[in-house]
Each structure stands twice: as C-alpha cells, then as structure tokens.
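Subject: Handover of a structure, with notes

Hello,

Here is the structure I said I would pass on. Please look at it first; my notes on what was found follow below.

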Amino acid sequence: MLTIDPRRSLLLVVDFQSRLMPAIDAGAVAIRNANRLIEMAGLAGIPFMFTEQNAKGLGPTVKELPVEKGPLVHKQFFDACRENGFLDRIPADAHVVVAGCEAHVCVQQTVLGLLNASRKTYVVRDALGSRSPEDKETAIRRMERHGAEIVTTEMVVFEWLQTAEHRNFRDAIALIKEK
C-alpha cells in the first residue's frame, strides 16, 4: 500500500518547545498544522506521542499543543530512537507520521533512526520547522533520499479518512478549512 494506513498509523510530534519556537521560521504555521494532525488523529482513533528535547534548556511543549493527551518522551539524544525503550513504543509495522522541530536536527535524526529501524515514515513538510528555511529544505531532501515519504497535513488527513463516508468526514473537512 502506498498510502498511509490509518490502522497502522502513529503520529509522532517532535520537540515543539516553548524556548525554541520563537526562533523558528513560520513556527506558527507548523504549530497550527501539528495541532490539525493531533485533532485528526483523535477523530480517526490514531495514537500519538510527543517528545521533548532537554526540557530544562528548551522548555516544555508549547501550550498550543495538547501534550497532556498523549505519552511524552523526554530525551537528550537528538535521535529519539537512541533513547532506551523508544523504539519499543513503535510497532515494527507502524506507519509513523512525523511533525516537529527542528527539521534538520531532532526531526531528521529521529526520522533517519526510524528508517534505519525499518519503520515506514512520513514527514509532514508543512508541520515542520527550522530556524532557517534552507536547513528545513535540505533536511527534507535528505530524509526523502533515505526513504521517508514527504507529505502535507491535508494529504495525511485524507489518507487517514480513506473515504467520504468516514464517520468524521465533516469534522475533518472543517479542520482543513481552518487554514
């Protein structure tokens, strides 16, 4: 299957942290799209989890994201896959949908770790942030070159829905129209 399988999906929200986000280019857009993904995951019954990198230094997850609704992994490694037990939380056949910051550091290293661990990985380009647009675009190209699928928030929403007959179709359309 070339589309994202909602039955095997997991949303991973990486390091949208309070002291980091003010420096992120178009950070508000990335947060808004991450929130849409979280809301859609809730509508579709898809599990999600958050990470925080060195929360003492970078602060907690921004208040705009409902971190209290999902498991939170505290980490020191930039690649979350290097943290003890992290990969145990991600089924071997998972379709991991990734949003987060910074695209060229923690997101990229975690995505490369997921790919190395044979997890099917989808990177949501409009729910990513970096301080520099060049770093973000370079990271996207590198992750794609190594096997990550590059998608957008709207693509994920419709692939999780699969059909206009989905019980939450109208709610999902409302999420998309919030742009």
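The side chain of Q53 comes to 2.7 Å from the backbone oxygen of Q76. Keep in mind throughout that this is a predicted model. Q53 belongs to strand β2, which covers residues 48–53, and with a relative accessible area of 6% Q53 is buried. Leaving aside residues up to four places away in sequence, Q53 touches D15, Q17, L58, K75, Q76, F77, F78 and C106. Across the strand pairing, Q53 stands opposite K75 in β3. The two strands concerned, β2 and β3, run parallel and are joined by four bridges.

The sheet

Six strands make up an open sheet with parallel pairing, in the order β3-β2-β1-β4-β5-β6. At its edges are β3 and β6 (149–151), each of which pairs on one side only. From one strand to the next, the twist averages 25°. As for how such pairing works, strands of a sheet pair through backbone hydrogen bonds, either parallel or antiparallel.

β1 and strand β4 (residues 95–101) run parallel and are joined by six bridges. In this pairing V13 has A99 of β4 opposite it.

In β3 the side chains alternate along the strand. V73 and K75 point to one face and are buried, whereas L72 and H74 point to the other and are not.

The helices on the sheet

Helix α3 (residues 103–116) lies across β1, β2, β3, β4 and β5. Relative to β4, α3 runs at about 165°. Helix α5 (residues 153–161) also packs on the sheet, where it touches β1, β4, β5 and β6. The direction of α5 makes about 135° with that of β5.

Which residues of α5 are buried? They are T153, V156, V157, E159, W160 and L161. The cover over the buried residues of α5 includes β1, α1, β4, β5, β6 and α6 (169–177). Just after α5 comes Q162, which takes a positive phi of about 70°.

Salt bridges

There are seven salt bridges in the structure. I describe three here.

One of them joins the side chains of K75 and D15, at 2.9 Å from N to O. K75 lies in strand β3 (residues 72–75) and D15 in the loop between β1 (9–14) and α1 (27–44), so this pair ties together parts that are 60 residues apart in sequence. Both ends are out of the way of solvent by the accessibility figures: K75 is buried at 2% relative accessibility, and D15 is buried at 1%. K75 and D15 are also among the residues that Q53 touches.

Another salt bridge is formed by the side chains of D79 and R82, at 3.7 Å from N to O. Here the ends differ in accessibility: D79 counts as buried at 7%, while R82 is exposed, with a relative accessible area of 55%.

The third brings together the side chains of R125 and E137, at 2.4 Å from N to O. This pair links distant parts of the chain, with R125 in strand β5 (residues 120–129) and E137 in helix α4 (residues 133–145), 12 residues apart. R125 is partly exposed, with a relative accessible area of 28%. E137 is partly exposed as well, at 31%.

Cysteines

How many disulfides does the structure hold? The count is zero. A disulfide is a covalent bond between the sulfur atoms of two cysteines. For C101, the closest cysteine sulfur is in C106, 9.6 Å away, and that is too far for a bond. The cut-off used for a disulfide is a pair of cysteine sulfur atoms within 2.5 Å. Seen from C106, the closest cysteine sulfur is likewise the one in C101, at 9.6 Å.

Are these two cysteines buried or exposed? C101 counts as buried, at 1% relative accessibility, and C106 counts as buried too, at 5%. C106 is also one of the residues that Q53 touches.

That is the end of my notes.

Regards

Methods:
Residues are numbered from 1 along each chain as its sequence is written. This is a predicted model: local features need pLDDT of at least 70, side-chain atom pairs count only at pLDDT 80 or more; totals for chains, interfaces and linings use all residues. Side-chain values use heavy atoms; hydrogens and water are left out. Buried means under 20% relative accessible area, exposed over 50%, partly exposed in between (1.4 Å probe, protein chains only). A salt bridge is a side-chain nitrogen of Lys or Arg within 4 Å of a carboxyl oxygen of Asp or Glu. A polar contact is a pair of N or O atoms within 3.5 Å; within protein, one must be able to donate a hydrogen and the other to accept it, and residues adjacent in sequence count only if both atoms are side-chain atoms. Contact means heavy atoms within 4.5 Å. Two strands pair if DSSP finds at least two bridges between them. Axes are lines fitted to C-alpha atoms, for helices over the stretch in contact, and angles run from 0 to 180 degrees between N-to-C directions.
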